[in-house]
Amino acid sequence: MRVSGLNWQGLLEQLEQALPFTTADEQSLAYFKFPKRTVSLSLPLRMDDGHVKMFRGYRTVHSIARGPAMGGVRYKGGLSSHECEVLAAIMTLKNAVADLPLGGAKGGINVDPETLSAGELERLTRRYTSELIDLIGHQSDVLAPDVGTDEQIMAWMLDTHNENLGTTSSGMVVGKPVPLGGSLGTKGARGRGAAIVTMRVLEDRGESIENRSVVVHGYGDAGRSAAQYLAQRGARVIGVADSGGATYASSGLDLDALSAHREVSGSVAGFATALDPEEALALNADILILAYDHGSIYAGNAASIRAPLVIEASNRAVLPEAERYLKLQGVTVIPDLIASIGGVISNYLEWVQDASNFFWLEDEIYAALDKRVNAAVDEVMAFAREHGAPDLRTAAYAIALNKLHGASVLRGVYP
């Protein structure tokens, strides 16, 4: 799947559009433009054959105005410090919209994890964590899984941190295995949240998910969870795509059979009618859920989108130039700040459980997650109506800027 780039300019232009709907000012926006810090790391790794190879790693903390930073660690070829900075800023906004006492962060390593052996992956992870040891922690910067990382990598990070500091603190990473202080219900939280937001937006329009056709672009934990949640409530999932290919069935895919096929083959490719992932984006469906990575819809493919409702279940999945075009075509984009909010809420709930050493049952997790997701999307929709915001992204940005402005004013400037 193609992933197009990010840039600060597009984000700042959208924030400028939201500024008239806020109590914030240009000074507040000036604070936002500059991440608190970005660290660039040189990471030597002894490969299995004995030679040493250098990798580049990054970690950006964008803001701690509302609390400790929290954000994902991605292992991805071509990763840059700029990408981390933009995504960290989006995490700051998203945590504010979710009304969580957290700031935003993002980081990772410029590496394709598929090119490393298990031993190399572990050694690189431990080196990355060690280099950040004085900057990360449950009250400073909390690491979370992202593209190319999973609960095993989070476990290695936790162990490295604990071994270096001689502690057993589990709250410096989230998305880790349950036996190490992880939370139940984490894997599918972002997808569950995206599905809940989709249904809530339809409900607000007086519509139902029943018999709606859905395409899911990005069939990892989030995409699969969203598809299953909506299918259980009457939707027809007619197409899905992952990095290996795509599949389509006009009457609706058998998701259980698809999961079994993917477990064996490693991809949805080869199941039902084969498609290219880009073709899946262009399917004639009622709802398109984007759960892959940033830039899935960009200027070059925006004209092919046929779904009237696009759910941005991954950060910045629709780039600004594409969103402007889609809006002119009457397409509604539900922005990442609410559509992917289930993931950050789940991470927050894990962090809270680690801090208290009191862990909840799965149904309690889901109840808390659902309540917070619904509260966030309801606030954004109500704000848009009350203030006449042109779209839900502008409303979400305005809410986030208001909360960040309030926190910054109360803190003042040191010294």
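Helices (H or I, at least four residues) and strands (E, at least two) are DSSP runs, numbered from the N terminus. With that in hand, we can walk through the model. The structure is a predicted one, in which local features need pLDDT of at least 70, side-chain atom pairs count only at pLDDT 80 or more, and totals for chains, interfaces and linings use all residues. Residues are numbered from 1 along each chain as its sequence is written, and side-chain values use heavy atoms, with hydrogens and water left out.

Let us start with helix α6, which covers residues 189-204. From the first C-alpha to the last, its 16 residues reach 22 Å, close to the 22 Å expected at 1.5 Å a residue; the expected span is 1.5 Å times one less than the number of residues. How many residues of α6 are buried? The count is 12 of 16, so the helix is mostly covered, where buried means under 20% relative accessible area, exposed over 50%, and partly exposed in between (1.4 Å probe, protein chains only). Among the buried residues of α6 are Ile-196, Val-197, Val-201 and Leu-202, and also Arg-192 and Arg-200. An α-helix has 3.6 residues a turn, so residues three or four places apart point the same way.

After α6 comes Gly-206, whose phi is positive, near 80 degrees. Most residues other than glycine have a negative phi, and most peptide bonds are trans. Asn-211, in the loop between α6 and β6, is not a glycine, yet its phi is positive, near 65 degrees. Asn-211 counts as exposed because its relative accessibility is 52%.

Following the chain onward brings us to strand β6 (residues 213-217), which is joined to β7 by five bridges, the two running parallel. Two strands pair if DSSP finds at least two bridges between them. Within this pair, Val-216 has Val-240 in β7 as its bridge partner. Strand β7 (residues 236-242) is largely enclosed by the rest of the structure, because six of its seven residues are buried.

Now look at β1 and β2. These strands run antiparallel and are joined by 10 bridges. Two of the partnerships are easy to look up: Pro-44 is bridged to Met-54 in β2, and Ser-40 is bridged to Tyr-58 in β2. The hairpin of β1 and β2 has five residues between the strands, and there Gly-50 takes a positive phi near 100 degrees. β2 also pairs with strand β4 (residues 103-109), through five bridges in an antiparallel arrangement. Tyr-58 stands opposite Gly-108 in β4.

These strands also lead us to an empty space. Rolling a probe the size of a water molecule over the atoms shows where empty space is left. A cavity is a set of points, on a 1 Å grid over the protein atoms alone, where a 1.4 Å probe fits but cannot get out, and its lining residues have an atom within 4 Å of a point. Grid points are joined across faces, edges and corners, and a volume is the space filled by probe spheres set on the points. The whole structure has one cavity of 30 Å³ or more, and the largest cavity holds about 30 Å³ of space. Which residues line the largest cavity? They are Arg-37, Val-39, Arg-59, Val-61, Leu-132, Leu-135, Ile-136 and Asp-141. β1 (37-46) and β2 (52-61) each supply at least two residues of this lining. By class, the lining has five nonpolar, no polar and three charged residues (Ala, Val, Leu, Ile, Met, Phe, Trp, Tyr, Cys and Pro count as nonpolar, Asp, Glu, Lys and Arg as charged, and the others, Gly among them, as polar).

Further along the sequence, Glu-278 is found in helix α9 (residues 277-281). Glu-278 counts as partly exposed because its relative accessibility is 28%. Its side chain makes a polar contact with the side chain of Asn-301 (3.4 Å). A polar contact is a pair of N or O atoms within 3.5 Å; within protein, one must be able to donate a hydrogen and the other to accept it, and residues adjacent in sequence count only if both atoms are side-chain atoms.

Two backbone details round off the walk. Arg-316, in the loop between β11 (309-312) and α10 (320-328), has a positive phi of about 55 degrees although it is not a glycine. Arg-316 counts as buried because its relative accessibility is 1%. In the segment after α14 (392-411) we find Pro-415, and the peptide bond from Tyr-414 to Pro-415 is cis, with omega near 5 degrees.

Terms used. On a 1 Å grid over the protein atoms alone, a cavity is a set of points where a 1.4 Å probe fits but cannot get out, and a pocket is an open set with protein on both sides within 12 Å along at least five of seven lines; lining residues have an atom within 4 Å of a point.
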